[in-house]
Amino acid sequence: NVVTCARCGAVPGHRGAVQFQARGEAIFKCWGCAIAHGPMLRRSLLIALVVGTILTAINQGDLLLYGRWNVALAWKVPLTYAVPFLVATWSALINGRTRPSAFHP
(Lines give C-alpha, C1' and ligand atoms only; values in the text may rest on other atoms or scores of the structure.)
Protein backbone atom coordinates (compact mmCIF):
# COMPACT_ATOMS: atom_id res chain seq x y z
CA ASN A 1 0.00 0.00 0.00
CA VAL A 2 1.73 3.20 -1.19
CA VAL A 3 1.14 6.37 0.79
CA THR A 4 0.64 9.61 -1.10
CA CYS A 5 0.69 13.28 -0.13
CA ALA A 6 -2.68 14.33 1.31
CA ARG A 7 -2.50 17.64 -0.55
CA CYS A 8 -1.01 17.01 -4.01
CA GLY A 9 -1.22 13.22 -4.27
CA ALA A 10 2.48 12.73 -5.01
CA VAL A 11 4.34 9.70 -3.73
CA PRO A 12 7.03 10.95 -1.32
CA GLY A 13 10.48 10.67 -2.84
CA HIS A 14 13.89 9.96 -1.36
CA ARG A 15 13.45 12.63 1.35
CA GLY A 16 10.37 10.95 2.78
CA ALA A 17 7.39 12.93 3.97
CA VAL A 18 6.10 14.84 6.97
CA GLN A 19 3.40 13.35 9.19
CA PHE A 20 0.75 15.56 10.78
CA GLN A 21 -2.17 14.68 13.03
CA ALA A 22 -5.62 15.73 11.83
CA ARG A 23 -8.77 14.76 13.72
CA GLY A 24 -6.93 12.00 15.52
CA GLU A 25 -5.46 10.34 12.45
CA ALA A 26 -2.11 10.63 10.70
CA ILE A 27 -1.87 12.44 7.38
CA PHE A 28 1.25 12.59 5.26
CA LYS A 29 2.46 15.43 3.09
CA CYS A 30 5.44 15.78 0.80
CA TRP A 31 7.97 18.36 1.96
CA GLY A 32 6.74 20.98 -0.52
CA CYS A 33 3.16 20.72 0.73
CA ALA A 34 4.19 20.35 4.38
CA ILE A 35 5.77 23.81 4.35
CA ALA A 36 2.34 25.27 3.53
CA HIS A 37 0.41 23.19 6.13
CA GLY A 38 -2.03 25.73 7.58
CA PRO A 39 -2.37 24.46 11.16
CA MET A 40 1.42 24.26 11.53
CA LEU A 41 1.87 27.79 10.17
CA ARG A 42 -0.81 29.17 12.51
CA ARG A 43 0.85 27.51 15.50
CA SER A 44 4.26 28.84 14.44
CA LEU A 45 2.79 32.33 14.03
CA LEU A 46 1.28 32.21 17.52
CA ILE A 47 4.61 31.08 18.98
CA ALA A 48 6.40 33.87 17.10
CA LEU A 49 3.95 36.49 18.39
CA VAL A 50 4.37 35.43 22.01
CA VAL A 51 8.13 34.78 22.00
CA GLY A 52 8.89 37.70 19.66
CA THR A 53 6.94 40.13 21.84
CA ILE A 54 8.72 38.96 24.98
CA LEU A 55 12.16 39.18 23.34
CA THR A 56 11.40 42.58 21.82
CA ALA A 57 10.31 43.87 25.23
CA ILE A 58 13.48 42.52 26.84
CA ASN A 59 15.94 43.62 24.16
CA GLN A 60 14.40 46.79 22.73
CA GLY A 61 11.78 47.76 25.30
CA ASP A 62 13.59 50.80 26.64
CA LEU A 63 14.09 52.26 23.17
CA LEU A 64 10.47 51.65 22.20
CA LEU A 65 9.08 52.89 25.51
CA TYR A 66 11.01 56.16 25.50
CA GLY A 67 10.59 56.82 21.79
CA ARG A 68 14.29 56.52 20.93
CA TRP A 69 13.66 54.82 17.61
CA ASN A 70 16.69 54.23 15.47
CA VAL A 71 17.35 52.69 12.07
CA ALA A 72 18.53 49.41 13.58
CA LEU A 73 15.06 48.75 15.00
CA ALA A 74 13.77 48.45 11.43
CA TRP A 75 15.58 45.12 11.07
CA LYS A 76 15.99 44.02 14.69
CA VAL A 77 12.31 43.90 15.58
CA PRO A 78 11.17 41.91 12.51
CA LEU A 79 14.10 39.54 12.95
CA THR A 80 13.13 39.06 16.59
CA TYR A 81 9.76 37.74 15.39
CA ALA A 82 11.11 35.82 12.39
CA VAL A 83 13.55 33.68 14.37
CA PRO A 84 10.98 31.98 16.67
CA PHE A 85 8.65 31.53 13.67
CA LEU A 86 11.37 29.76 11.70
CA VAL A 87 12.48 27.66 14.67
CA ALA A 88 8.91 26.55 15.45
CA THR A 89 8.23 25.71 11.80
CA TRP A 90 11.51 23.85 11.31
CA SER A 91 10.99 21.94 14.57
CA ALA A 92 7.49 20.85 13.53
CA LEU A 93 8.72 19.68 10.13
CA ILE A 94 11.71 17.79 11.51
CA ASN A 95 9.67 16.25 14.32
CA GLY A 96 7.09 14.95 11.83
CA ARG A 97 9.48 13.64 9.19
CA THR A 98 9.20 10.03 8.10
CA ARG A 99 11.62 7.80 6.29
CA PRO A 100 11.05 6.92 2.62
CA SER A 101 11.07 3.21 3.47
CA ALA A 102 7.83 3.73 5.40
CA PHE A 103 5.98 4.28 2.10
CA HIS A 104 7.03 1.27 0.10
CA PRO A 105 5.98 -2.26 1.03
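**Notes on the predicted model**

1. Let's start with A34, which sits in helix α1. Keep in mind throughout that this is a predicted model. A34 counts as buried, with a relative accessibility of 0%. Leaving out residues up to four places away in sequence, the ones A34 touches are V18, F20, K29, M40 and L93. For a feel of distance along the chain, take G52: A34 and G52 are 18 residues apart, and their C-alpha atoms are separated by 24 Å.

2. Which residues make up the largest nonpolar core? A34 is one of them, and the full set of 7 is V18, F20, I27, W31, A34, M40 and L93. Two elements, β1 (17-22) and α1, each give two or more residues to this core. If you want to look at the core on screen, those two elements are a handy place to begin.

3. V18 is another member of that core, and its contact list is worth a look. Not counting neighbours within four places in sequence, V18 is in contact with I27, F28, K29, W31, A34, L93, G96, R97 and T98. Among these, I27, W31, A34 and L93 are also core residues.

4. Now the overall layout. The protein chain has 3 helices and 3 strands, and reading from the N terminus the order is β-β-α-α-α-β. How does the chain compare with a compact globule? Its radius of gyration is 19 Å, whereas the globule rule gives 13 Å for 105 residues, so the chain is more spread out than a compact globule. The C-alpha trace spans about 65 × 25 × 20 Å along its principal axes.

5. A few whole-chain numbers go with that. Buried residues account for 29% of the 105 residues. The accessible surface comes to about 7000 Å², and carbon and sulfur atoms hold 64% of it. As for contacts between residues at least 6 apart in sequence, 60% of them join residues at least 24 apart.

6. Cysteines next, as you'd probably ask about them anyway. How many disulfides turn up in a search of the whole structure? The count is 0. C5 is in no disulfide, and the nearest cysteine sulfur to it, that of C8, is 3.7 Å away. C30 is in none either: its nearest cysteine sulfur belongs to C33, at 3.6 Å. The cut-off for a disulfide is 2.5 Å between the sulfur atoms, so the C5 distance of 3.7 Å is outside it, and so is the C30 distance of 3.6 Å. C5 is buried at 4% relative accessible area, and C30 also counts as buried, at 16%.

7. H37 deserves a point of its own. Is it buried or exposed? H37 lies in the loop between α1 (31-34) and α2 (38-65), and it is buried, with a relative accessible area of 7%. The H37 side chain makes a polar contact with the side chain of K29, at 2.8 Å. Setting aside neighbours within four places in sequence, H37 is in contact with F20, I27 and K29. F20 and I27 are both part of the largest nonpolar core, and K29 is also among the residues that A34 touches.

8. R23 is another loop residue, found between β1 and β2 (25-29). R23 is exposed, with a relative accessible area of 83%. Its backbone is worth checking too: phi of R23 is near 55°, a positive value in a residue other than glycine.

9. Two helix residues to finish. Q60 belongs to helix α2 and is buried, with a relative accessible area of 9%. Not counting residues up to four places away in sequence, Q60 touches L55, L73 and K76. L73 and K76 fall in α3, which covers residues 73-95.

10. A88 is also in helix α3, and at 16% relative accessibility A88 counts as buried. What does A88 contact, leaving aside its neighbours within four places in sequence? The partners are S44 and I47, and both of these lie within the α2 range of 38-65. A88 and V11 are 77 residues apart along the chain, with 26 Å between their C-alpha atoms.

Technical notes
Residues are numbered from 1 along each chain as its sequence is written. This is a predicted model: local features need pLDDT of at least 70, side-chain atom pairs count only at pLDDT 80 or more; totals for chains, interfaces and linings use all residues. Side-chain values use heavy atoms; hydrogens and water are left out. Buried means under 20% relative accessible area, exposed over 50%, partly exposed in between (1.4 Å probe, protein chains only). Helices (H or I, at least four residues) and strands (E, at least two) are DSSP runs, numbered from the N terminus. The radius of gyration is taken over C-alpha atoms; the globule rule is 2.2 Å times the number of residues to the power 0.38. Contact means heavy atoms within 4.5 Å. Accessible areas come from the Shrake-Rupley method with a 1.4 Å probe; for residues, only the protein chains shown count as cover. A polar contact is a pair of N or O atoms within 3.5 Å; within protein, one must be able to donate a hydrogen and the other to accept it, and residues adjacent in sequence count only if both atoms are side-chain atoms. A nonpolar core is a set of buried Ala, Val, Leu, Ile, Met, Phe, Trp, Tyr and Cys residues joined through side-chain atoms within 4.5 Å.
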